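Here is a short, friendly tour of enclosed spaces and one surface feature. Have the structure open as you read.

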Amino acid sequence: MNPVQIIGAGLAGLSAAIHLAQEGIPCHLISPQPSERAQSVLAEGGINAVLNTMGEADEIQNHFEDTIRGGCYLADEKAVLGLVKEAPQIVRWLRNLLVPFNLEGGEIVQRNFGGQKKKRTAYAKSSTGKVLMTALIDEARKYEAAGLITRYSHHELTELILSERQECEGVIIRDRYRNEYLAMRGIVVLASGGMNGLFPYRTTGTTTNSANVTAKVFEQGMKLANLEMIQYHPTTIGISGKRCLISEAARGEGGRLFVMESGKPRYFMEEKYPELKNLMPRDVISKEMVMTKKQVYLDMTGLTDAVWRDRLSDLRQEIMQYLLLDPKKDPIPVEPGIHYFMGGIWVDENHRTSIGDAYAIGECCMQYHGANRLGGNSMLGAIYGGKKAAQDIVQRYGKENYHTDTAPERVRAKGSVETPRISEKIGSCLYRGMGIVRTEDEIQKSLRELEELLNSERVSETDENRIYLGIALLRLASLRKESRGAHVRADYPKTLEEYKKMTVVTRKGCDINAGFI
């Protein structure tokens, strides 16, 4: 058999590659940029697992219930149960890879995170993603030296190679430096990240995660799900070209949100939600911030010197660099920004997609988070998803008869790239229709504008695929006539039992078929 083709080299892609290599299965790690530049490096707050290092009698069942409840009962319960059961082993594995988690007395320290009543989030100050990526990159290098992992950096997916039966036989990729096209045969694992590129300037993530992979496989018939579920992180600041995240760790350590009224701060989250206060799920806080119709501030001035020194020193430095304000002394003006895509490629509990011999893992797929992701579950889901897909590949196809010397085949292919001007128009349309609070009028207006864009502008094939993906987002937002998690409808404010099901969408040419399952 040919090596497994992994598209994406962040946490999910690295996890899949390492777990395949551990079984002696070769793989190609294909990505536009090296792992050191992946979106996962930007993750800040931590990774969830029931370790019980804080004396709070936490249990796996608690983590399961918090995740299901936080996702407003849309997540696959069987998949979530597998995730939370495996979480402690994953964190112990990471520690064995020498991830420098914050420790006390030799035990991993865990902090509070939104939507969870127990201290369950292991962290390394507020740079957890960076240190996890460093550890996995080092681990992957061992297998690169053994010839089991081969990197194809500065390469991007052009299309899946599909058989007459619409089963995946490999990928065609483009060398971005040489503009050469290669056909790579084998099982495919998509780990291409979220759809940040659909919302330029408006996300905390890198727009290198362009959404082009998702848009292309959607055009090739792959099923997508829950696209209306877009998480706005409540605490971001504006910097050049994107939103900068103020990690939830700030509120986990005691940061408080307030607005000014009659010359005094009003801590609105503490008034309305006395149990979890500023640690309510992100969708709830973002909605409350919009409803205040005032500038919201994050007050971290009450945090101790020890917290700033030992847990948030890098966050403080970042804020001082971009805002010229010292969060130790000054409240920080914040606003919600697009942060995570709960929806994406539909997968089953083993991360198989609707196209045979193709998998999807990490943020590009819809697994684990339902209608709203809990902080600390994204890095966990990425690593676990990579491991789960690798295990399924081993179980289905075995470990034998893989070839490490398979040479890629140079092919002629017609490439296409997005047009920045068109991408900005797509982003403006979507941001209005897919905002924190939505209405049918705005959704339909955005739909009309995207459809006009298809007919009135000269667009590339990639532009066209991105527009159809945007239309799919809006169609699912219109279809869900209720408010649930990150999907808040001003015209349908109630959460309804009849909508406690997943939205799905497929494309065939110009036709988009949307529904529930």
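How many nonpolar, polar and charged residues are in the lining of the largest cavity? By class, that lining has 5 nonpolar, 2 polar and 1 charged residues. Please keep in mind that this is a predicted model.

**The largest cavity**
- The structure holds 2 cavities of 30 Å³ or more, and the largest has a volume of about 50 Å³.
- Its lining is formed by Ile-230, Tyr-232, Asp-283, Ser-286, Ile-436, Gly-485, Ala-486 and Val-488.
- Strand S14 (230-239) and helix H8 are the elements that give two or more residues to this lining.

**The second largest cavity**
- The second largest cavity has a volume of about 30 Å³.
- Around this second cavity you will find Leu-74, Ala-75, Asp-76, Asn-226, Met-366, Gln-367, Gly-370 and Met-502 as lining residues.
- Sorted by class, the lining of the second largest cavity has 4 nonpolar, 3 polar and 1 charged residues.

**A nonpolar patch on the surface**
- Moving to the outside, Val-290, Met-291 and Val-437 make a nonpolar surface patch of about 230 Å².
- Val-290 sits in helix H8, which covers residues 282-292; H8 is also one of the elements that give two or more residues to the lining of the largest cavity.
- Why can Val-290 belong to a patch? Val-290 is partly exposed, with a relative accessible area of 35%, and patch residues need over 30%, so Val-290 passes that cut-off.

Note on methods: Residues numbered from 1 in each chain as written. Predicted model: local features only at pLDDT ≥ 70, side-chain atom pairs only at ≥ 80, totals over all residues. Heavy atoms only, no water. Patch = residues over 30% accessible without salt bridge, like charges linked within 9 Å, V, L, I, M, F, W, Y side chains within 5 Å. Areas by Shrake-Rupley, 256 points an atom, 1.4 Å probe, with all protein chains shown as cover. Salt bridge = Lys/Arg side-chain N within 4 Å of Asp/Glu carboxyl O. Helix = DSSP H or I, 4+ residues; strand = E, 2+ residues; numbered from the N terminus. Buried < 20%, exposed > 50% of the residue type's maximum accessible area, 1.4 Å probe, protein only. 1 Å grid on protein atoms, 1.4 Å probe; cavity = no way out; pocket = protein on both sides within 12 Å on 5 of 7 lines; lining within 4 Å. Points joined across faces, edges and corners; volume = space filled by probe spheres on them. Nonpolar A, V, L, I, M, F, W, Y, C, P; charged D, E, K, R; others polar.
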